[in-house]
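Open the model in your viewer and keep the sequence panel in sight. This tour goes stop by stop, with something to select at each one.

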Amino acid sequence: MERINLTQANTNSALLAKVTRESGQDISACYQCGKCTAGCLMAGAGDGGPRLVMRLLQFGLLDQVLSGKAIWLCAACGICTVRCPREIDVAKVMESLRRMARQTGQRPAEPAVAAFEDLFLTCVSRHGRMHELGVMVAHNIKTGRPFKDADLGQKLFFRGKLRLLPSRVRKVAAVKQLFARTGGGAA
Ligand code: SF4
Ligand code: SF4
């Protein structure tokens, strides 16, 4: 997604309507001011920030967005949303795009991030809260790096900062209901 490939552009695409429907946001309202990208912590790390994502969507280039890194590097911090003068919830658009990438079977451009999201949401849906040690170990195994951050994990564990076993919130059933109601699991 380094540059816009206009050969596949289709401004009348039903794809734009699909993103609008999924996110509940009016993509066409974006007037490309760039305030979102100026505040985005991850814009420099990938292949373009939220402003470029919005532009690609306006051109109907959904494939370029779904196969790119930006949607996976998005940390869901919400800075873009609060900065947008058009009151577009850009973070919600990014979340919807991650969900759409999964639905279309698109291989994530950042598999380690997608794996973390899966594990995190699975953990929260089961226990109502994060179990850092479990998610860390599972993520290392899933991404084929079993000893990644092992030194740090060991130090944190012996200082009592990491629990060996997960603990549950009291109203875990309510959390499960919430996941069920919202379609549950990873975006
Ligand atoms: S929510 Fe995502 S796209 Fe928006 S500013 Fe944060 S990291 Fe960037
Ligand atoms: S801040 Fe809003 S209007 Fe400006 S480029 Fe980003 S999404 Fe578009």
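What pattern does the chain follow, read along the sequence? Colour by secondary structure and trace the chain from its start: the pattern is α-α-α-α-α-α-α-α-α-α-α. That comes to 11 helices and zero strands. Keep in mind throughout that this is a predicted model.

**Stop 1: the whole chain**

Zoom out. Taken along the principal axes, the C-alpha atoms fill a box of roughly 55 × 35 × 30 Å. The chain has 187 residues, and buried ones make up 26% of them. Now think about contacts with a separation of 6 or more. In this chain, 69% of them are between residues 24 or more positions apart.

**Stop 2: the two domains**

Select residues 6-103 and give them one colour. This is domain 1 in the domain assignment. Then select 111-181, which is domain 2. How far apart do the C-alpha centres of domain 1 and domain 2 lie? The distance is 28 Å.

**Stop 3: ligand 1**

Select ligand 1 and show what surrounds it. There are 15 residues around this ligand. Those that come nearest are Cys-40, Cys-74, Cys-77, Cys-80 and Ala-91. Two elements give two or more residues to this shell: helix 6 (79-83) and helix 7 (90-103). Which of them gives the largest share? Pick helix 7, with three residues.

Now colour the shell around ligand 1 by class. You should find 13 nonpolar residues, two polar and no charged.

Stay for a moment with Cys-77. Select this residue and look at the backbone on either side. Cys-77 sits in the loop between helix 5 (70-73) and helix 6. Is Cys-77 buried, exposed or partly exposed? Cys-77 counts as partly exposed because it has 13 C-beta neighbours inside 10 Å. For a sense of scale, add Asp-26 to the selection. Asp-26 and Cys-77 are 51 residues apart along the chain, and their C-alpha atoms are separated by 20 Å.

**Stop 4: ligand 2**

Move on to ligand 2. Here 16 residues make up the surroundings. Cys-30, Cys-33, Lys-35, Cys-36 and Cys-84 come nearest. Highlight helix 2 (35-39) and helix 3 (50-58): each supplies at least two residues of the shell. Helix 3 gives the most, with three.

How many charged residues does the shell around ligand 2 have? Four are charged, alongside 10 nonpolar and two polar.

**Stop 5: the loop between helix 1 and helix 2**

Next, select Tyr-31. You are in the loop between helix 1 (14-23) and helix 2. Tyr-31 has 9 C-beta neighbours inside 10 Å, so this residue counts as exposed. Add Pro-50, which is 19 residues from Tyr-31 along the chain. The C-alpha atoms of the pair are separated by 12 Å.

Now click Gln-32, which lies in the loop between helix 1 and helix 2. Check its backbone angles. Gln-32 is not a glycine, although its phi is positive, at about 60°. Gln-32 counts as exposed because it has 12 C-beta neighbours inside 10 Å.

**Stop 6: helix 8 and helix 9**

Jump to domain 2 and show helix 8 (residues 111-127) with helix 9 (residues 132-142). At what angle do the axes of helix 8 and helix 9 cross? They cross at roughly 145° and come within 10 Å. The crossing is right-handed.

Show the side chains at the contact. From helix 8, select Ala-115, Phe-116, Leu-119, Phe-120 and Cys-123. From helix 9, select Gly-134, Val-135, Ala-138, His-139 and Lys-142. By class, this contact has seven nonpolar, two polar and one charged residues.

**Stop 7: around helix 10**

Follow the chain onward to Asp-149, in the loop between helix 9 and helix 10. This residue, which is not a glycine, has a positive phi near 60°. Asp-149 is exposed, because there are 12 other C-beta atoms within 10 Å.

Finish with helix 10 (residues 150-158). How many of its nine residues are buried? The count is zero, and the helix is hardly covered. Just after helix 10, select Gly-160, where phi is positive at about 80°.

Methods:
Residues are numbered from 1 along each chain as its sequence is written. Chains are lettered from A and ligands numbered from 1 in the order in which they are written. This is a predicted model: local features need pLDDT of at least 70, side-chain atom pairs count only at pLDDT 80 or more; totals for chains, interfaces and linings use all residues. Domain bounds come from an automatic or database domain assignment. A residue is near a molecule or strand if its C-beta atom, placed from the backbone, lies within 6 Å of it. Helices (H or I, at least four residues) and strands (E, at least two) are DSSP runs, numbered from the N terminus. Ala, Val, Leu, Ile, Met, Phe, Trp, Tyr, Cys and Pro count as nonpolar, Asp, Glu, Lys and Arg as charged, and the others, Gly among them, as polar. Axes are lines fitted to C-alpha atoms, for helices over the stretch in contact, and angles run from 0 to 180 degrees between N-to-C directions. A crossing is left-handed if the near helix is turned anticlockwise from the far one by less than a right angle, and right-handed if clockwise. Two residues are in contact if their C-beta atoms, placed from the backbone, lie within 7 Å. A residue is buried if 20 or more other C-beta atoms lie within 10 Å of its own, exposed if 12 or fewer, and partly exposed in between; C-beta atoms are placed from the backbone.
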